[in-house]
Amino acid sequence: MAEKKATIRFYEELNDFLAADRRKKELEIYFYNNPSVKDVIESFGVPHTEVDLILVNGISAAFKDRIKHGDRISVYPKFESLDISSLSKLKDRPLRQTRFVLDVHLGKLARYLRLCGFDTLYDNRYEDHTIVEMSGQQNRIILTRDIGILKYSTVQHGYWLRSDNPGQQLREVIQRFDLKDQIRLFSRCMECNGTIEQVDKQQVAPFLLEGTKKYYDRFYRCRQCGKVYWEGSHYQQMVQQIRQLLYEINRGT
Ligand SMILES: [Zn+2]
């Protein structure tokens, strides 16, 4: 059987997954049978969940499509500003509501996301296959620092975090999924992901320290675990961080 050849090029941040000498240029691939587009892309170490649009010879292609001799493949990540939903064939089920499930190393990010009001499942006892199952059953985006999880073929929505720093990770997630306008501070419990509601001071007074009772009047309680929140100095600091982050995102820095 004759060897066949095609070319592939990865765009924008998909290059993060490639070795330095393979970035931002056309790469040649050689094959005998006709591999699927998905297999070819993943052979370069790029998880399919990072890909939002594939063009083969200028026409939108699906992951299962087969590569032929002479094909030119262009692979694009999630577009930030351009709506390609009418073009792309990739995602079976669009997400209506942005929800997450996090891998076991992302406890701090989980708290940040919950602080911002995003439905975020996290438990440091989750195993990879559990995370993948929850993602599929509940239509949740997997956030991870472990590319391996995103290579399960059943994963539809996932994102590989570039940074190790929780503040940076939050920024990545907000930008990547365009969540700036969906942030709702104080709507979700940082401990358990339950929703929280405002409660009368009288109702929670017996559980409060004297100082807290004296200086604060607005209180919130988690409907699920009962944890009581108030706008103390720790909260103020976190809110300040989120404001700063949004300011920087808006400025494009
Ligand atoms: Zn709670």
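Three bridges, written here as 3 bridges, join strand 8 to strand 9 (residues 158-160), and the two strands run parallel. Within this pairing, threonine 144 has tryptophan 160 of strand 9 as its bridge partner. The model examined here is a predicted one.

Strand 8 also has a partner in strand 6 (residues 99-102), to which it is joined by 3 bridges, again in a parallel arrangement. In this case leucine 143 of strand 8 stands opposite leucine 102. What covers, or leaves open, the faces of strand 8 (residues 141-144)? Both faces turn out to be covered: Ile141 and Leu143 are buried on one side, and Ile142 and Thr144 are buried on the other. A general point helps in reading this pattern, since side chains in a regular strand alternate between the two faces of the sheet. Leu143, the residue set opposite leucine 102, and Thr144, the bridge partner of tryptophan 160, thus lie on opposite sides of strand 8.

Earlier in the chain, strand 1 (residues 4-10) is joined to two strands in turn. With strand 2 (residues 27-31) strand 1 shares 5 bridges and runs antiparallel, and lysine 5 stands opposite tyrosine 30 of strand 2. With strand 5 (residues 72-77) strand 1 shares 4 bridges, this time in parallel, and isoleucine 8 stands opposite isoleucine 73 of strand 5. Both modes are familiar ones, as strands of a sheet pair through backbone hydrogen bonds, either parallel or antiparallel.

Further along, an open sheet of 3 strands follows the order 10-11-12, with antiparallel pairing. Strand 10 (196-199) and strand 12 (228-230) occupy the edges; each has a single partner strand, so one side of each is left without a neighbour in the sheet. From one strand to the next, the twist averages 35 degrees. Strand 11 (residues 219-222) is joined to strand 12 by 3 bridges in the antiparallel sense, with arginine 221 placed opposite valine 228 of strand 12.

At the level of domains, the assignment for the chain gives domain 1 (4-77) and domain 2 (99-183). Taken over C-alpha atoms, the centres of domain 1 and domain 2 are separated by 25 Å. The contact between them draws 5 residues from domain 1 and 9 residues from domain 2. On the side of domain 1 that touches domain 2, the residues divide into 1 nonpolar, 1 polar and 3 charged.

Key
Residues are numbered from 1 along each chain as its sequence is written. This is a predicted model: local features need pLDDT of at least 70, side-chain atom pairs count only at pLDDT 80 or more; totals for chains, interfaces and linings use all residues. A residue is buried if 20 or more other C-beta atoms lie within 10 Å of its own, exposed if 12 or fewer, and partly exposed in between; C-beta atoms are placed from the backbone. Two strands pair if DSSP finds at least two bridges between them. Axes are lines fitted to C-alpha atoms, for helices over the stretch in contact, and angles run from 0 to 180 degrees between N-to-C directions. Domain bounds come from an automatic or database domain assignment. Two residues are in contact if their C-beta atoms, placed from the backbone, lie within 7 Å. Ala, Val, Leu, Ile, Met, Phe, Trp, Tyr, Cys and Pro count as nonpolar, Asp, Glu, Lys and Arg as charged, and the others, Gly among them, as polar.
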